[in-house]
Amino acid sequence: MARKVVFFFPSFASSEATAPLGILAVATPLLNAGYSVELIDSTITSNFQKRVLDEVKDAICLGVSLVTGPMIRETVAIARAIKEWNRNFPIILGGWHPSLLPKQTLEAEYIDIVVRGQGEDALLEVVQHLESGSPLDLVAGIGFKRDGKLIFTPERPLKRIVDLPPKAYHLADFDAYERKCGRRWAMYISSLACPFNCSYCTNAGVYGRQWNALPAEQFVAETVELTERYRLELLWVVDDNFLVDLDRARLIADGLVRAGARFKWSIQATTNLTARLSREDLELLHRSGLHQICQGAESGSKKILKLMNKDFQDFESIHESAERCLQVGIRPSFNIIFAYPGEGPAERRETVRFVVDMCRRYPGAEFWTNIFTPYPGAPVMKQAPQIGIQVPETFDGWADFFPRYTKLPWLNGREHKRLQTMRDYLRIAFDRVPIAADTRDRFTRLSQKAMSFPARVRLDYDFYALPVELWINNKLKRRIAAKPAVDAKQLEPASATC
Ligand code: B12
Ligand code: SF4
């Protein structure tokens with residue numbers, strides 16, 4: 001048997017294709033230990049099932065990385081196909097879903113091992129044990145099966161990001177991702193955890209709340225090298241809250257300017273921390289290439305923000321951050337969660353008014369909306385029985401948990417349809433800039449622009465009957481690239497993609 005490990009990354013239902021950072025992270029220690037690694041990403045591999053089956057023939061094991069939701073579908077399909085070929089071939093799951101629900105995931109008959117939390121050291125140790133045939137009991141932070149029994153080893157302490165090895169970016173086929181997405185970009189991570197604890201968020205459950213980060217010099221050196229080596233035009237820094245340490249952010253910006261960096265980058269940060277940035281800070285960040293700050297506004301209702309445990313955020317700071325970012329040329333992007341438990345028609349209306357008002361006042365600010373999706377491990381899940389959320393009892397039961405179409409006990413039937421229609425109107429009323437290249441022709445662009453005016457009127461009057469603009473928009477969208485099949489199967493025509 002070759003000293004080879006195969007990784008599979010299931011489709012994540014988005015055209016914003018790039019290399020999966022979790023797999024690039026866990027591959028490094030394997031490569032350093034002399035193993036060879038094969039990465040098959042469903043998004044860029046049309047015959048991915050055959051490729052996986054071919055590659056595992058002479059490998060030690062298969063590793064899959066996934067989050068809760070539709071990625072589970074392809075994971076199940078691949079795992080079942082492998083087990084049909086050889087029921088003893090080890091299948092290892094890592095990433096967010098198995099970390100948050102290790103027991104239920106391992107109960108699936110086609111899963112052999114789950115890795116909980118950071119996988120760099122754990123996977124290397126698992127692979128070494130599989131290779132030598134020795135028992136896995138001493139590998140911390142995993143679950144495995146023995147004689148049909150599930151065995152969980154003690155938790156593995158979290159490592160700080162400075163102590164983690166660099167990611168194996170060379171495994172990524174950036175040409176293929178560029179062909180798919182129309183843009184050459186990558187993800188980069190420079191800090192772990194978030195000091196806050198929003199009740200819908202799963203972060204604290206996997207990474208705790210001890211924010212820790214790479215030093216500014218390392219950020220500058222690595223990102224400049226990475227973007228030059230792979231000719232990347234954009235880096236999405238996927239830190240949960242990039243701006244916790246403002247001095248570090250300033251030093252990074254200064255370092256990138258001095259290094260003559262030519263790439264664009266975007267970050268995620270809370271609104272309160274973004275509002276702390278002065279105009280000078282933002283100008284410096286913009287000069288260094290920062291072009292977008294993604295922030296979780298989440299609701300236009302004070303009551304809902306409180307229920308979400310987002311007391312640290314106020315509307316004044318959201319306005320301030322939008323205004324100041326736009327003044328220097330940085331795009332403020334905000335997320336919204338509709339239908340959070342406790343949200344009724346009045347609070348939903350407040351949120352729509354808030355979004356519309358922000359977009360009118362600050363042209364260039366953008367909003368991305370979701371439907372509340374109860375994720376395992378999020379603090380709000382403790383209330384699941386009281387609020388009537390049916391928690392799936394099997395691994396594959398989580399496949400339909402997806403913010404684009406989640407149905408909830410308090411958001412079903414007509415209410416669900418109405419919200420989806422309203423979200424569609426928000427999409428066409430105001431512009432948003434996705435990472436994937438804009439493939440619309442002039443005709444589509446102008447037609448969509450023309451439809452933004454009636455859409456705004458509808459949002460003002462809360463009137464969504466006979467949605468002709470959406471019907472036309474769907475026809476227009478069919479002329480441009482389709483999304484991956486995994487997602488398309490689930491979407492109802494009227495609410496399909498943005
Ligand atoms: C980048 C990102 C995306 C990108 C992914 C692009 C890509 N090509 O990978 C995009 C935009 C597509 C995306 C989409 C979504 N995302 Co997202 N995303 C992230 C984000 C910001 C970073 C992930 C990352 O790469 N981190 C860096 C790597 C190094 O860390 P890691 O993933 O934790 O990996 C470590 C371990 O998990 C483990 N590991 C990971 N994989 C594997 C595999 C094996 C075999 C092993 C052993 C170990 C292992 O080892 C790694 C190294 O220590 C996280 C937030 C976060 N803090 O991580 C959210 C996050 C993962 N996303 C989340 C969500 C909810 C979504 C969406 C549903 C959002 C939406 N509104 O549509 C969709 C779902 C898409 C789908 N698949 O169904 C949630 C997941 C919650 C959950 N229960 O699963 C997170 C945690 C955000 C949050 N706080 O709620 N996302
Ligand atoms: S601020 Fe963002 S990352 Fe931090 S807990 Fe809230 S949702 Fe999660």
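Me: What makes the residues of the lining of the largest cavity divide into nonpolar, polar and charged groups as they do?

Reply: The division is five nonpolar, no polar and four charged, in a model that is predicted. Val355, Cys359, Phe367, Leu426 and Phe430 belong to the nonpolar class (Ala, Val, Leu, Ile, Met, Phe, Trp, Tyr, Cys and Pro), while Glu366, Arg427, Asp431 and Arg432 belong to the charged class (Asp, Glu, Lys and Arg), the others, Gly among them, counting as polar. Local features need pLDDT of at least 70 and side-chain atom pairs count only at pLDDT 80 or more, whereas totals for chains, interfaces and linings use all residues of this predicted model. Residues are numbered from 1 along each chain as its sequence is written, chains are lettered from A and ligands numbered from 1 in the order in which they are written, and side-chain values use heavy atoms, with hydrogens and water left out.

Me: Which helices and strands each supply at least two residues of that lining?

Reply: Helix 15 (345-361), strand 15 (366-371) and helix 17 (413-429) each do so, where helices (H or I, at least four residues) and strands (E, at least two) are DSSP runs numbered from the N terminus. The space they help to line has a volume of about 50 Å³, and a search of the whole structure finds one cavity of 30 Å³ or more.

Me: What makes up the shell around ligand 2, by class?

Reply: Five nonpolar, three polar and one charged residues form this shell. Cys194, Phe196, Asn197, Cys198, Tyr200, Cys201, Asn203, Asp240 and Thr270 are the residues around ligand 2, each having a heavy atom within 4 Å of it.

Me: Why is Cys201 called partly exposed?

Reply: Its relative accessibility is 26%, which lies between the limits (buried under 20%, exposed over 50%, with a 1.4 Å probe and protein chains only), so Cys201 counts as partly exposed. Cys325, by contrast, has a relative accessible area of 0% and is therefore buried.

Me: Why does Cys325 not form a disulfide?

Reply: The closest cysteine sulfur, in Cys294, is 11 Å from the sulfur of Cys325, and a disulfide requires a pair of cysteine sulfur atoms within 2.5 Å, so this pair is too far apart for a bond. By this rule the count comes to zero disulfides.

Conventions: On a 1 Å grid over the protein atoms alone, a cavity is a set of points where a 1.4 Å probe fits but cannot get out, and a pocket is an open set with protein on both sides within 12 Å along at least five of seven lines; lining residues have an atom within 4 Å of a point. Grid points are joined across faces, edges and corners, and a volume is the space filled by probe spheres set on the points.
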